[in-house]
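Please look over the protein chain shown here, first as a whole and then at a single residue.

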Amino acid sequence: MKGHFPINKFKGLTTPFYYYDTQILRETLALIREESSKYHYHIHYAVKANANPGILSIIREYGLGADCVSGGEIQAALAAGFPADKIVFAGVGKADWEIKVGLDSDIFCFNVESIPEVVIIDELAGARGKIANIALRINPEVDAHTHHYITTGLKENKFGINLSQLDEVLDVVSGLSHIRLIGIHFHIGSQITDLTAFQAACSRMTEVQEHFNRRNIFVENINFGGGLGIDYQNPNDHPVPDFAAYFAIFNKYFQAQPGQAIHFEPGRSVVGQCGSLISSVLYVKEGSSKKFAILDAGFTELIRPALYDAYHAIENISSDEDGDVYDVVGPICESSDCFGKEVTLNKVSRGNLVALRSAGAYGEIMASQYNCRRLPVSYFSDLL
Ligand code: LLP
């Protein structure tokens, strides 16, 4: 089935561009709000997935907080109107200026990833006469069964504090006077479709929490990070992820302590399906054994296929004629600039518009100017 694109409204627009279907985004957000509120869960949108100001302002309307990984993301979230007391800040390498942005804006919490980082946050908070809220990002050593580039919860990853170092960290934290330990944070990976991985994260969180309790430490906040996957194969059948099943897992497998708030940081599952990269066919080139559809978009606009070997459904939205099999490639001078091999498309001719689906997350935001190309522009369905 083809996606529903307002092809007439696309006429005259310069390609490539990102197209965001705000109805899908709003349906997704309404469902997140409905399902998470059943359990009083707190949702912080992971800004890294897409920081387009139009996207951010719609997400903010639904009352979500923001999960940031840089000073720039904190500034983007604040500019879009996210309240500072709903902003969390993670990242293994927070620069001093970024920590200062967080402190000066009075964000809700720093998710800290190492002992040296916690010492610096304490020092910078002290210099301002402030007390910074921190959550310890623990590496839960849970296998998320996803692509190795986007797995984060294994021992060999650079993220988080290892389970074996918990006592050492708690000793350091207890000696610092300008930080307050308010939470435990996990993030096991991204594009997770096997929900049992989250069940494993719940068990591990219970163990870590019990470890804290044995030392008489009780935290008010538990943060399970992001990671819920989307259906890249069938975006039309599953435009909105199954948030009901997702939140139900945590409700079933994690027993919150009295007064404890549970937090999540979804990124891809919020914005992935609402975005498509729209590109024009420049040439159809017949090789000796195959046909190439050469697009005016390349990995500079959507790097996921080149970087992670990721699949994005591709559709020729200009033609209804029975088609052929093409390798769909971009114009960049690198062999990895290929969106899909042996893709069946409606008959392709020069000037046809092609949609690369499920590109709302980690698409526009990861664009680059390699080959001196221009960054892509974006259009929203309700503003066209
Ligand atoms: N929280 C933390 C601490 C994270 O590191 C991430 C993603 C998220 C939340 C949001 O995860 P999500 O719900 O989007 O899975 N560029 C890659 C994905 C990198 C994900 C990095 N961390 C891609 O295009 O697949």
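The briefing below covers the overall chain and then the surroundings of N221.

This is a predicted model, in which local features need pLDDT of at least 70 and side-chain atom pairs count only at pLDDT 80 or more, while totals for chains, interfaces and linings use all residues. Residues are numbered from 1 along each chain as its sequence is written, and side-chain values use heavy atoms, with hydrogens and water left out.

**Overall chain**

- The protein chain holds 11 helices and 17 strands, taken as DSSP runs (helices H or I of at least four residues, strands E of at least two) numbered from the N terminus.
- Its radius of gyration, taken over C-alpha atoms, is 22 Å, which agrees with the value near 21 Å for a compact globule of 384 residues; that rule is 2.2 Å times the number of residues to the power 0.38.
- Along the principal axes, the C-alpha atoms fill a box of roughly 70 × 40 × 40 Å.
- Of the 384 residues, 55% are buried, meaning under 20% relative accessible area with a 1.4 Å probe and protein chains only.
- Among contacts (heavy atoms within 4.5 Å) with a separation of 6 or more, 72% join residues 24 or more positions apart.

**N221 and its surroundings**

- N221 lies in strand 9, which spans residues 221-223, and counts as buried because its relative accessibility is 10%.
- The side chains of N221 and H263 are joined by a polar contact of 2.7 Å, that is, a pair of N or O atoms within 3.5 Å, where within protein one must be able to donate a hydrogen and the other to accept it, and residues adjacent in sequence count only if both atoms are side-chain atoms.
- Leaving aside neighbours within four places in sequence, N221 is in contact with F108, I182, G183, I184, Q260, A261 and H263.

How values were computed:
Buried means under 20% relative accessible area, exposed over 50%, partly exposed in between (1.4 Å probe, protein chains only).
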